[in-house]
Amino acid sequence: MPEPLKFTYDINGENFASAGEASMQIKKELRSLGFDPQTIRRVSIAMYEGEINMVIHAGGGVAEVLVSPDSIEIILTDHGPGIPDIDLAMQEGYSTAPDTIRSIGFGAGMGLPNMKKYTDEMVIESHVQKGTRVFMRFDVK
Amino acid sequence: MGNYNHSVLLDIEKCKGCTNCLKRCPTEAIRIRDGHAQINSNRCIDCGECIRICPYKAKKAVSDKIERLQEFKYKIALPAPSLYGQFDNLDDIDYLLQGLLDYGFDEVFEVARAAEIVSGYTRRYLKMPGLAKPVISSACPVVSRLIALRYPFLIDNVMPLKPPVDVAAQLAREGAMKAHPELKSEDIGVCFISPCPAKVSYLKSEKEAGRGNVDCIVSASDIYFAIVNKMERKQVPIPVSKTGMIGVSWAASGGEASALFNDRYLAADGIENVIKVLDNIDNGTLPNLEFVELDACTGGCVGGVMNVANPFIAKARLQSIRRYLPVSQNWDFFNSKDDDMVPDSFFSEGSIEYEPDDSLAGDMNEAFRKRAAIQEIADSLPQLDCGSCGAPTCMAFAEDIVRGEATEEECIVKMRDKIQQLLRGEHNDSK
């Protein structure tokens, strides 16, 4: 088994238009490493949702991706407002996104549930006023 | 698709080995080696960007010579809708069609007419249950090829109907065989007048795969100069055009999509915009849409590199051509047929297969080792993406080194640092 590859992406919170770039990058990496399309899709969608969350709610953050042939792990770290009630945030349709964000088609309350759906394990640690850390693991089938 | 035909070629004599095409290529298919450009055919999507940007005209779009027509007893011209926008003051399409007949074609079958039929069937197709939405147009071969290389999950979204050029060729041949029973199929030469090299590549590959009815593909610019003198417009032409607004509109971006009479569509043109939209569909971040029309060339097919006219002027001309046309001249095609059926003969025979263009190695362990080695080299490079090494970016250069296609010494920035170190070293020695 080769050494895992580590990729780190800064998610820029200032620029909404750049959200999704890390997802693009990791998609390209996984493709060139020879992962199957299904795995690539799961990872890139979860990454995309995570990026959008960090941009909308937390003013950006850092995404670290650890890639091994049999599993992919993503750790999203931000220093935003934190999530007071994680169970509530995990409910489909629950969102705290402001109207301005909803007006451009985001903030439907599907981000976290979608991420969970595509991962084999997802752990959220959050401290109000300090920030949030989301760990996601994808097993390669 | 190792055997996919390409129609963008390089004239080595003219190529100066500059970095214009290198930096422009959307799939990073070009490298400069031994002082001139090389195109990696596994990555090339025939978009023609390198032809547009080359200041030395060293990139060429290849098509058949018009003389090839002489091989056939019965010659049928298939003018692309974009051809209508190439001529000054052309207020009536029939002048152009007459010009093609005067040039020596026995018959003209407008691709615009086939486009109206494809539009009709697309409206029906979109109503079928269980479709992956949005349905992506299959008309631009650059887009289909890009999807095959990079978007495996969008393959099911690509509309499986034949593009208008194939439908035109099929109907033209069938019609000619019926009208002239003395002709054998090989006597008939179906000749598409193409706005772009991607159509040339697509049609040649189809032909090689034993599909398709197009025998010869000539560029719009070649035919332009051959027929512009024939179009004297001294007398009123025989009305042969069977095209309405819909068919003519296919020549420009949005024409295909607007013919669906459904406002849930998106039309994007220009290869960079196309890539952005595909990324959005792939990420599931597009609003609910029924149909997506993507044209690799800016402006749509009028922007093809084999055309003569400026795409925007061509588009403006099309507006005046359209003015007195009915919406479509092909409603009768659908009259006697089942309301929601699309006949099998209008479905593509081939299918798109995923062929990743940038795989590092067949074996994943090997791919991981290579990727780690690439990173190590990339970290030592200047990240200027200057292109002087012959690769479009430092990252691509690092990858080329690991693939064994380049050596680190080719980085002139690193070389300069090395020389300066040496010079300093000598200076110190002399003290």
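Reader: Helices (H or I, at least four residues) and strands (E, at least two) are DSSP runs, numbered from the N terminus. What follows helix 15 of chain B?

Author: G404(B) follows it, with a positive phi near 80°. Keep in mind that this is a predicted model, where local features need pLDDT of at least 70, side-chain atom pairs count only at pLDDT 80 or more, and totals for chains, interfaces and linings use all residues. Residues are numbered from 1 along each chain as its sequence is written, chains are lettered from A and ligands numbered from 1 in the order written, and side-chain values use heavy atoms, leaving out hydrogens and water.

Reader: Is helix 15 of chain B mostly covered or mostly open?

Author: Mostly covered. Helix 15 spans residues 394-402 of chain B, and seven of its nine residues are buried. Buried means under 20% relative accessible area, exposed over 50%, and partly exposed in between (1.4 Å probe, protein chains only). Among the buried ones are F397(B), E399(B) and I401(B).

Reader: What do those buried residues pack against?

Author: Strand 2 and helix 14 of chain B. Contact here means heavy atoms within 4.5 Å.

Reader: What does E399(B) meet in a salt bridge?

Author: R43(B). Their side chains are 3.7 Å apart, N to O. A salt bridge needs a side-chain nitrogen of Lys or Arg within 4 Å of a carboxyl oxygen of Asp or Glu.

Reader: New topic. Which domains does chain B have?

Author: Domain 1 (1-62), domain 2 (66-346) and domain 3 (363-431). The bounds come from an automatic or database domain assignment.

Reader: How much area do domains 1 and 3 of chain B bury between them?

Author: About 790 Å², 40% of it on carbon and sulfur atoms. Buried area is the accessible area (1.4 Å probe) that two parts lose on being put together, summed over both.

Reader: Which three residues of domain 1 supply the most of that area?

Author: K23(B), R31(B) and R33(B). They supply 53% of what domain 1 of chain B buries against domain 3 of chain B.

Reader: How many salt bridges cross there?

Author: Three, between domain 1 and domain 3 of chain B. The side of domain 1 that touches domain 3 gets at least two residues each from helix 1 (20-24) and strand 2 (30-33) of chain B. Strand 2 of chain B gives the largest share, four residues.

Reader: Now the other chain. How many residues touch between B and A?

Author: 19 residues of chain B are in contact with 23 residues of chain A. The two chains bury about 2,100 Å² between them, 59% of it on carbon and sulfur atoms. In chain B, F153(B), N283(B) and F368(B) lose the most area to chain A, together 33% of what that side buries.

Reader: How many salt bridges are there between the chains?

Author: Four. One salt bridge pairs E29(A) with R371(B), with the closest N and O atoms 2.5 Å apart. On chain B, helix 5 (141-150), helix 11 (271-283) and helix 14 (364-379) each supply at least two residues of the side touching chain A. Helix 14 of chain B gives the largest share, six residues.

Reader: Last one. S144(B) lies in helix 5 of chain B. Is S144(B) buried or exposed?

Author: Buried, because its relative accessible area is 15%. Leaving aside neighbours within four places in sequence, S144(B) is in contact with S138(B) and I352(B).
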